[in-house]
Amino acid sequence: MPQGSRRQPGGLHHRDAAAGAAGRKRVRRPRPGAGPGAAQPGRGGRGLPGQNVTMDEGGAPLLPDSLVYQIFLSLGPADVLAAGLVCRQWHAVSRDEFLWREQFYRYYQVARDVPRHPAATSWYEEFRRLYDTVPCVEVQTLKEHTDQVLHLSFSHSGYQFASCSKDCTVKIWNNDLTVSLLHSADMRPYNWSYTQFSQFNQDDSLLLASGVFLGPHNSSSGEIAVISLDNFALLSRVRNKPYDVFGCWLTETSLISGNLHRIGDITSCSVLWLNNAFQDVESENVNVVKRLFKIQNLNASTIRTVMVADCSRFDSPDLLLDDGATPGRVFDLGGDSEDEAVGPGPAPARTKEGLRRFLDGLLDGRAQPQLSEHALETQVAELLAQGRTKPPEHSTAAARKLLVFTTGCLTYSPHQIGIKQILPHQMTTAGPVLGEGRGSDAFFDALDHVIDVHGHIIGMGLSPDNRYLYVNSRAWPSGSVVADPMQPPPIAEEIDLLVFDLKTMREVKRALRAHRAYTPNDQCFFIFLDVSRDFVASGAEDRHGYIWDRHYNICLAKLRHQDVVNSVVFSPQEQELLLTASDDATIKAWRSPRTVRIHQAPRPRPHPFFSWFASQKR
């Protein structure tokens with residue numbers, strides 16, 4: 001079985017679980033002083049008279065604890081564990097907290113100013129957690145798809161997961177100890193080109209599946225299908241444009257889709273719709289669709305990749321990340337300040353007057369340096385929208401949710417994250433379809449927050465508590481300026497994994513790095529990431545999946561495929577299980593060394609962690 005991941009050069013690293021999974025011959029446990037008269041573990045070093053190498057004839061240690069400690073400091077983790085089996089004195093020293101603190105920082109190459117995980121009970125146990133509970137052992141390879149596998153999603157219970165592929169099927173799997181295929185839905189009869197995304201609703205009764213329509217090469221249209229998980233019936237289909245809006249659940253029975261309306265060459269309007277999952281509602285008084293937001297797009301940008309964050313869980317995070325030194329790249333829009341008003345009179349009137357002066361200046365030759373057609377279109381669109389944009393509504397309701405999506409303002413490549421509050425009255429399709437009581441002048445909705453990452457966003461994922469947003473981004477060169485919206489700056493091959501706190505709207509932690517991507521701007525595709533309580537994982541174009549620790553910001557594992565890794569997902573009930581999907585048309589299941597031992601061990605074994613660790617030593 002293929003080998004699994006190894007961290008970074010400079011120490012013992014995770015070996016792919018194939019070692020344990022395939023029953024590979026284990027390396028014999030080191031036994032210092034092995035021989036006929038060697039001291040026996042657990043017996044205090046009391047071997048045959050005259051043959052004990054750690055005690056004198058009176059039973060006193062030959063070496064003081066301080067000297068044994070200094071010797072152990074020069075050893076690696078596996079050797080320390082082995083030496084601890086010699087006698088009780090060495091065993092006690094081998095569990096010393098200061099010794100394992102040093103081993104931890106040295107082995108995992110963690111910055112010394114990073115404190116121990118707040119939930120850790122000891123340095124030894126923390127070392128063991130990072131080494132023994134990371135899902136880096138390949139236990140199963142699924143080959144039922146016949147083309148590139150693009151996305152994976154777990155049910156909230158963890159009992160099932162779904163996969164989407166270029167073979168135009170959505171497959172639903174049973175997540176047992178051995179994964180098995182439960183159902184395969186072929187979407188080609190509905191004129192789909194391929195399936196790209198799926199999501200289970202909160203009670204795992206429905207599956208949202210998103211796909212791309214057959215059409216011209218530059219077609220951007222897609223569709224969302226809702227599948228019942230009771231009988232796998234197709235319940236409804238909803239148009240989705242552009243297709244990389246993907247779609248998401250807002251409630252158990254309502255989902256969000258997108259539509260795009262062109263206004264000019266590089267100006268458009270994105271409309272986000274709330275749809276009832278059951279479109280066969282008979283009552284004429286119940287809407288099955290309602291407009292949520294209408295947002296102006298400038299410079300060929302569009303809204304993509306929508307997801308919903310539940311704010312009610314912010315105050316009890318699974319892991320509280322310290323605010324980093326990096327200032328949050330966040331701009332609050334539509335604030336309460338009245339200083340934004342320019343001149344007296346209604347906003348539409350001010351806008352018309354400003355637009356008239358701008359156009360008169362152009363005609364009279366008094367305008368600034370000559371503008372390109374694209375720059376002129378953008379300025380006119382901004383002026384028109386100034387008095388016709390509805391400011392953000394604010395709510396302190398505990399049940400509020402945030403709509404999070406990628407967008408932009410300078411170019412077509414997604415370089416910003418837009419955040420829009422969803423108020424309680426907006427979470428149902430009941431009420432007016434298009435009105436919401438707004439006046440005819442309010443064409444657009446203003447965003448509540450915008451996060452600019454100064455790069456091309458290729459992936460986003462929420463932590464389980466919904467408080468932290470993890471973003472895969474390929475950075476633009478420092479100081480780069482976008483002169484033409486159709487020619488964005490070149491993007492880096494190295495992927496930055498950025499972390500933002502949605503409660504404070506600030507960037508936290510430094511960027512996680514290790515994974516790479518190679519496609520240029522116009523060919524860039526989404527690489528899905530996932531976050532568990534303690535870990536974050538991502539795919540990459542370098543034929544590997546990666547796992548980092550969220551607290552220490554270190555890369556712990558590298559998971560091999562034969563082609564691009566498009567998607568990774570942790571089991572929501574068991575973070576020691578991870579799935580990866582690749583362009584090599586396979587799905588791989590990875591488990592931690594600890595769970596592999598539990599599932600395969602024929603009988604209880606003493607010192608299980610040491611046995612595994614020693615078997616990995618080269």
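Residues 24 or more positions apart account for 61% of the contacts in the chain with a separation of 6 or more, a contact being a pair with heavy atoms within 4.5 Å. The model is predicted: local features need pLDDT of at least 70 and side-chain atom pairs count only at pLDDT 80 or more, while totals for chains, interfaces and linings use all residues. Residues are numbered from 1 along each chain as its sequence is written, and side-chain values use heavy atoms, with hydrogens and water left out.

**Whole chain**

Begin with the complete chain in a cartoon view. It contains 10 helices and 31 strands; these are DSSP runs numbered from the N terminus, with helices (H or I) of at least four residues and strands (E) of at least two. Of the 618 residues, 54% are buried, that is, under 20% relative accessible area with a 1.4 Å probe and protein chains only. Switch to a surface: the chain exposes about 27,600 Å², and carbon and sulfur atoms supply 51% of this area, computed by the Shrake-Rupley method with a 1.4 Å probe.

**Helix H2**

Select residues 65-73, which form helix H2, and display Val-68, Phe-72 and Leu-73, its buried residues. Viewed down the axis of H2, these buried residues fall within an arc of 140°, so they line one face of the helix; the arc is taken from the directions from the helix axis to the C-beta atoms. Next, add residues 77-83 (helix H3), 88-94 (helix H4) and 97-108 (helix H5), against which the buried residues of H2 pack.

**The sheet E2 to E5**

Move on to an open sheet of 4 strands, ordered E2-E3-E4-E5 with antiparallel pairing; two strands pair if DSSP finds at least two bridges between them. Its edge strands, E2 (149-154) and E5 (180-186), each pair on one side only. From one strand to the next, the twist averages 20°. Within the sheet, select E3 (residues 160-165) and E4 (residues 169-174), which run antiparallel and are joined by 5 bridges. Label Gln-160 together with Asn-174, its bridge partner in E4.

**The hairpin E29 and E30**

Finish at residues 565-571, strand E29. Here 7 of the 7 residues are buried, so the strand is largely enclosed by the rest of the structure. Extend the selection to strand E30 (residues 574-582), which runs antiparallel to E29 and is joined to it by 6 bridges. The two strands form a hairpin with 2 residues between them. To inspect one of the pairings, label Val-565 and its bridge partner in E30, Ser-582.

How values were computed
Buried means under 20% relative accessible area, exposed over 50%, partly exposed in between (1.4 Å probe, protein chains only). Axes are lines fitted to C-alpha atoms, for helices over the stretch in contact, and angles run from 0 to 180 degrees between N-to-C directions.
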